[in-house]
Amino acid sequence: MIIEPKVRGFICTTAHPTGCKENVKRQITYIKNLGEINGPKKVLVIGASTGYGLASRIAATYCLNASTIGVMFEKESNGKRTATPGFYNTMAFEEFADQDGHYAKSINGDAFSQEVKAQVIDLIKNDWGKVDMIIYSLASPRRTTADGTTYQSVLKTTDGEFTNKSWNLKDNTISEATITAATEEEVQGTVKVMGGEDWIDWMKALSDADVLAENATTIAFSYIGPKLTYPVYYNGTIGMAKKHLQESASFINENFKSKGLHAYISVNKALVTQASSAIPIVPLYFAILYKVMKQKNIHEGCIEQIGRLLHEKLFSDSIPVDEEGRIRLDDYEMRPDIQEEVMDIWNKINSENIEELADIEGYWEDFYHMFGFHFENIDYSVDVEL
Ligand code: NAD
């Protein structure tokens, strides 16, 4: 079948297997060039098929020379529709890892469920004995808890309506978008889905099953961003969930002290992923940020970020953290000179000058690459198996 991109708003409903493989291959090539470092050898990645989780799995394999178990929630092809990109990414990753002699097994199912936790524990028991690093990189719109309740995550403010410039992805115009305030129930729902409760559940399950190695490390990812996006992100519903994630790191450190488990939060850079392109107002900030960071030669994608996390932060002699104990991979993004320039552009950007002032091309390149499209070395006119 010939597969073409079908873009609907902030999502593409098709994915290209050969292109997804190319995406994985490029990340592997980048990370191999950074070289190997000492670190954990049995790494569980929860949310391992796209974005930061996929980059983490690749980096753990090729920087740490680690075996990995990846958990993800992806759709297989039904013969008519393509599979989701995370499905193709995982197939490709396993193939490369296998060729290079690395253990890589994946569980495709709901990470929030008891069943998947039990499957992972069985696999660890059978194949590894214990796990020494857990990377928690879930981004999900919903979560069903053990009692059968389904909670939804929403992207809203917590303090009244917020109106600001927004980029209309369909026609590259700029108009205003208004984000409404969440109800208390919606705030709580978002915290249930994107907060740290399930991260803690994972640690409890692994610990109770006695598959957590002594002095293991666990890390989850957060975002802060500039004041501009505070109403929709940092002080919005998702920000409340991220505060809960931060508190959960403290809870894990306190409650699993006897096992020597260390929990970290890494505050990462804003990047185009399936999760982040769904946030209103934010894509325009991304496109301006890309422009400014590329001009200064400090732009990074997920793999460059995670490469730096392993090489310069997590496994350095003393882990550099901020006053709240967080690792800051957003250090370049938040540099005052970068933010000043971004704000300057934000104030003057409009439909006429958007192509000149923002990295529209770079945004779309990242977007299409996520789904396996627009790689210049792939022949998209060739028939492929779904
Ligand atoms: P993503 O959408 O690319 O990846 C999400 C992953 O979670 C995928 O592997 C998906 O299969 C998996 N997943 C979703 N629901 C699942 C479920 N129920 N069971 C099992 N797996 C499930 O997202 P991302 O942007 O890489 O986000 C990962 C983390 O990084 C999130 O915590 C996010 O807030 C954080 N983060 C993202 C950015 C950004 O700009 N993208 C910046 C900083 C921090």
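# Exercises on a predicted model

In this predicted model, strands β12 and β13 run parallel and are joined by two bridges.

**Exercise 1.** Determine which residue is the bridge partner of Val267, and where β13 stands in the sheet.

*Solution.*
1. Val267 has Arg328, a residue of β13, as its bridge partner.
2. Two strands count as paired if at least two bridges are found between them; β12 and β13 are joined by two bridges.
3. The open sheet has seven strands, ordered β5-β4-β3-β6-β11-β12-β13, with parallel pairing.
4. β13 and β5 (104-108) each have a single partner strand and stand at the edges, so one side of each has no neighbour in the sheet.

**Exercise 2.** Identify the strands across which helices α3 and α7 lie, and give the angles.

*Solution.*
1. Helix α3 (residues 85-99) lies across β4 (67-72) and β5, and its angle to β5 is about 160°.
2. Helix α7 (residues 237-255) lies across β11 and β12, and its angle to β12 is about 155°.

**Exercise 3.** Describe helix α9: where is its kink centred, how many of its residues are buried, and which elements do these pack against?

*Solution.*
1. Helix α9 spans residues 302-314 and has a kink of about 25° centred on Arg308.
2. Buried residues, those under 20% relative accessible area, number 10 of the 13 in α9.
3. Arg308 is itself one of the buried residues, which also include Gln305, Gly307 and Lys313.
4. The buried residues of α9 pack against the helices α1 (17-34) and α2 (51-63), and against the strands β6 (131-136), β11 (212-222), β12 (262-267) and β13 (327-328).

**Exercise 4.** Examine helix α6 and the part that Trp199 plays in the largest nonpolar core.

*Solution.*
1. Helix α6 comprises the 12 residues 197-208 and reaches 16 Å from its first C-alpha to its last, close to the 16 Å expected.
2. Among the buried residues of α6 are Trp199, Trp202 and Leu206.
3. These three, together with Leu44, touch the most other members of the largest nonpolar core, which has 124 residues.
4. The greatest contribution to this core comes from helix α8 (residues 282-295), with 10 residues.
5. Another core, of five residues, lies apart from it; its members include Ala15, Cys20, Phe87 and Tyr88.
6. Beyond its neighbours within four places in sequence, Trp199 is in contact with residues including Tyr136, Ile219, Leu245, Ile252 and Tyr264.
7. Just after α6, Asp210 has a positive phi of about 60°.

Note on methods: Residues numbered from 1 in each chain as written. Predicted model: local features only at pLDDT ≥ 70, side-chain atom pairs only at ≥ 80, totals over all residues. Heavy atoms only, no water. Core = buried A, V, L, I, M, F, W, Y, C linked by side-chain atoms within 4.5 Å. Buried < 20%, exposed > 50% of the residue type's maximum accessible area, 1.4 Å probe, protein only. Helix = DSSP H or I, 4+ residues; strand = E, 2+ residues; numbered from the N terminus. Contact = heavy atoms within 4.5 Å. Expected span 1.5 Å × (residues − 1). Bend = angle between axes of the 7 residues up to and from the residue. Axes fitted to C-alpha atoms, helices over the stretch in contact; angles between N-to-C directions.
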